[in-house]
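Thanks for coming, everyone. I have one structure for you today. Please look at the screen.

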Amino acid sequence: MPDNLFKIITGCKSTSARLAELALLHGAVRTPVFLPVGSHATVRSLTPGDLEEIGIKMILCNAYHLYLRPGIDLIVKAGGLHNFMGWGKPILTDSGGYQIFSLSSLRKISEDGVLFRSHVDGSEHHITPEKSVSMQQDLGADIIMALDVCPDSGSKKADLARTIPVTTRWAERCQRAYHNNGQLLFGIIQGGIYRELRGTSAEQITALDFPGYAIGGLSLGESKSDMWDTVDYTVKLMPLDKPRYLMGVGSPEDIFEGITRGIDIFDSALPTRVARNGALYTRKGRINIRRFIYRDKMEPVEASCKCFTCSNFTAAYLHHLFKCEELLAYRLATIHNLFFMNDLLDEIRRSISEGSFKEKKMEFLSNYQTTHEDKRIEQKIRSAEIKRGKEFTDC
Ligand SMILES: [Zn+2]
């Protein structure tokens, strides 16, 4: 990786937070950054113009979903993922490892790759590290991810231990299959919540000299203290001069905790998923706009918010739209939550630059009521969607 691709601008004196700039094919991105999830080449209910207006600089799409529908060939025919979805800014694609292990059935992992059944139509597929890289290179994302084995959160240590060398050998094969055309291929460190396994994985993956590294396999149901212990331990084993990506983490309080530890990139479907369920972020915590108390609140969801939704509509109107299950509800709520996240990251980057990140964190967390029930609610939504026969796609 040439020196100028990831430039650290300034570091925080009292934490490991850092402000940096990552040069990508479709433009430079300042980190720390949060990526909204657009599994099917769309951030649900929003247009690329909406994302631009919110100020989003980069999004995540899932190679697994795009491979199954509409198919990589079709996206190549459209001129690549950026052209296909009408988004000109950077994209990161997930290799599909997580989705294969969380969504599909009949998984058979061998040294060669993974055999699985599509969660859409039950068809059988075989993905190898080479195929995963080739798919992502064809899609044309700015950052692509090595294929990894991403076991369930409840996996036993001995079972997890067996997958670590497989993930390493797959990472090597991804690297060999990769043709350098300016896309950045990141390696993924696995190992569950076990220090010994994270240590082995971090040592082996960082030895491969990727231009960036991700911590995978967290935020899958383990306790927050286990998650942060693991990040604390793992991040110290990652190179200082390369971007660090914490996969699947994205609640406002977790963003602060991750940045404190030196994480640069986050992604999560949480802000958009909960928005569609009527949960809206405010500086005091998350509110449920469906509640009766918002029925006649003739003010925006948050008076200080400059988003399109709060600039034009009252909480009462949003409450009404949700009660009637109007499609506009999902769009307006998603705009607000993504604006909230983007605005927060803007403030955080500014605070790091001004040397006041620690104060910013204290100020935010002293006002923000964290939602301890995030996990429970997520699981509830997830199981409800499955019960209704809807596929659970933005994971
Ligand atoms: Zn707003």
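I'll take the domains, then their contact, then one helix.

A caution before we start: this is a predicted model.

Start with the layout. The protein chain splits into domain 1, residues 3–268, and domain 2, residues 276–365. Their C-alpha centres are 27 Å apart. Now the contact between them. Domain 1 puts in 27 residues, and domain 2 puts in 23 residues.

Which elements supply the domain 1 side? Two strands and two helices each give at least two residues. The strands are S2 (18–24) and S4 (33–36). The helices are H1 (48–54) and H10 (252–260). H10 has the largest share of that side, with six residues.

What about the chemistry on the side of domain 1 that touches domain 2? There, 14 residues are nonpolar, six are polar and seven are charged.

Next, helix H15. Find residues 357–367. Which residues of H15 are buried? They are Phe357, Lys360 and Lys361. Note the two lysines in that list, Lys360 and Lys361. For burial, the cut-off here is 20 or more other C-beta atoms within 10 Å of the residue's own.

Now look down the axis of H15. The buried residues fall within an arc of 100°, so they line one face of the helix. Turn to the other side of H15. There, Glu359, Met362, Ser366 and Asn367 are exposed.

And what do the buried residues of H15 pack against? Their partners are H10 and helix H14, residues 327–354. We met H10 earlier: it supplies six residues to the side of domain 1 that touches domain 2.

That's my tour. Over to you.

Methods:
Residues are numbered from 1 along each chain as its sequence is written. This is a predicted model: local features need pLDDT of at least 70, side-chain atom pairs count only at pLDDT 80 or more; totals for chains, interfaces and linings use all residues. Domain bounds come from an automatic or database domain assignment. Two residues are in contact if their C-beta atoms, placed from the backbone, lie within 7 Å. Helices (H or I, at least four residues) and strands (E, at least two) are DSSP runs, numbered from the N terminus. Ala, Val, Leu, Ile, Met, Phe, Trp, Tyr, Cys and Pro count as nonpolar, Asp, Glu, Lys and Arg as charged, and the others, Gly among them, as polar. A residue is buried if 20 or more other C-beta atoms lie within 10 Å of its own, exposed if 12 or fewer, and partly exposed in between; C-beta atoms are placed from the backbone. The arc is that of the directions from the helix axis to the C-beta atoms.
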